[in-house]
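Here is a short report on one protein model. Please look over the chain as a whole before turning to its last helix.

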Amino acid sequence: MLKRTLALAAGFALSLSSVLSQAADVLNVSAIPDEAPTELLRKFKPLGAYLEKELGMPVKFVPVADYAAVVEALAADRVDLAWLGGFTFVQTRLKTGNAIPLVQREQDEKFTSKFISADANVKSLQDLKGKTFAFGSVSSTSGSLMPRYFMLKDGIKPEEFFSRVAYSGAHDATVAWVQSGKVDAGVLNASVWDKLVTAGKVDTAKVKVFATTPTYYDYNWTVRGTLDPELTAKIKKAFLALDPAKPEHKAILDLQAASRFIETKPENYQGIEEAARAAGLLK
């Protein structure tokens with residue numbers, strides 16, 4: 001396992017080094033690692049090819065080791081475009097002062113998180129008192145921040161309510177932990193849950209959704225504020241032009257778990273910033 005981890009880290013470093021040596025006419029794209037690296041690359045490949053065609057320039061994917069690395073890469077102008085969660089966008093905007101959220105999926109206007117358990121006796125969060133619980137990444141909007149925020153509003157302080165709180169690092173890992181019995185319950189974003197169920201990667205006879213959060217804004221595609229405005233406009237236009245009525249476009253949208261992309265704006269994420277401050281995750 002250690003060798004595999006070191007190999008992945010080396011691969012990330014080599015990829016980043018390669019990108020840094022590219023000319024400025026290469027669009028460097030990244031994403032928060034909320035799923036396995038191989039899955040992120042699979043999802044991006046057709047989108048990257050589409051953007052290359054629409055923009056008339058090379059497009060490179062830059063994998064990162066964790067959520068914080070995406071924020072740092074955008075702030076340092078090492079990445080031009082990134083797929084961010086709502087909280088990661090807030091962190092990026094606060095750090096840079098000028099990061100621009102371009103588009104979001106239609107469902108990201110009213111996103112939710114799913115609480116899951118393999119214990120048939122668990123019908124609500126109250127049934128989990130004294131049991132073990134898993135969030136995703138500590139920086140995940142849907143896998144940590146917003147579920148925690150809603151729990152706190154209901155008077156549940158995770159570190160006091162559960163016997164143990166753990167962080168799986170990714171949504172698919174949270175499902176694996178719950179299904180294997182490593183934890184009694186966990187929370188992940190609704191989109192990944194639906195995808196795993198559709199793909200048959202979760203045993204729904206064993207693992208059940210027992211609660212769903214209220215809605216909130218989440219994911220978006222963000223560009224660094226220093227990117228050429230003309231290129232920024234072209235990127236937004238390319239996303240908005242994806243048409244589910246066209247088979248080649250639908251294939252791209254399906255991989256992004258999107259019915260279509262719509263415009264978004266910084267103000268949409270004010271609620272997430274407030275939730276992060278309430279949870280003590282922002283000073």
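The report covers the overall fold, then the surface and charge, then one helix.

## Overall fold

The model is predicted. The protein chain holds 11 helices and 11 strands. Its radius of gyration is 19 Å, close to the 19 Å that the globule rule gives for 283 residues, so the chain is as compact as a globular protein of that length. Along the principal axes, the C-alpha atoms fill a box of roughly 55 × 45 × 40 Å.

Contacts reach far along the sequence. Of those with a separation of 6 or more, 78% join residues 24 or more positions apart. Buried residues make up 49% of the 283 residues.

## Surface and charge

The accessible surface of the protein chain comes to about 13100 Å². Carbon and sulfur atoms account for 54% of that surface.

The side chains include 35 positive and 32 negative ones. The centres of these two sets lie 3 Å apart.

## Helix H11

H11 spans residues 270–278. Which of its residues are buried? They are Ile272, Glu273, Ala275 and Ala276. Seen down the axis of H11, these buried residues fall within an arc of 160°, so they line one face of the helix. The general geometry fits this reading: an α-helix has 3.6 residues a turn, so residues three or four places apart point the same way.

The cover over the buried residues of H11 includes two other helices, H4 (86–96) and H5 (141–153). After H11 comes Gly280, with a positive phi near 75°.

Notes:
Residues are numbered from 1 along each chain as its sequence is written. This is a predicted model: local features need pLDDT of at least 70, side-chain atom pairs count only at pLDDT 80 or more; totals for chains, interfaces and linings use all residues. Side-chain values use heavy atoms; hydrogens and water are left out. Helices (H or I, at least four residues) and strands (E, at least two) are DSSP runs, numbered from the N terminus. The radius of gyration is taken over C-alpha atoms; the globule rule is 2.2 Å times the number of residues to the power 0.38. Buried means under 20% relative accessible area, exposed over 50%, partly exposed in between (1.4 Å probe, protein chains only). Contact means heavy atoms within 4.5 Å. Accessible areas come from the Shrake-Rupley method with a 1.4 Å probe; for residues, only the protein chains shown count as cover. Lys and Arg count as positive and Asp and Glu as negative; His and the chain ends are not counted. The place of a charge is taken as NZ of Lys, CZ of Arg, CG of Asp or CD of Glu. The arc is that of the directions from the helix axis to the C-beta atoms.
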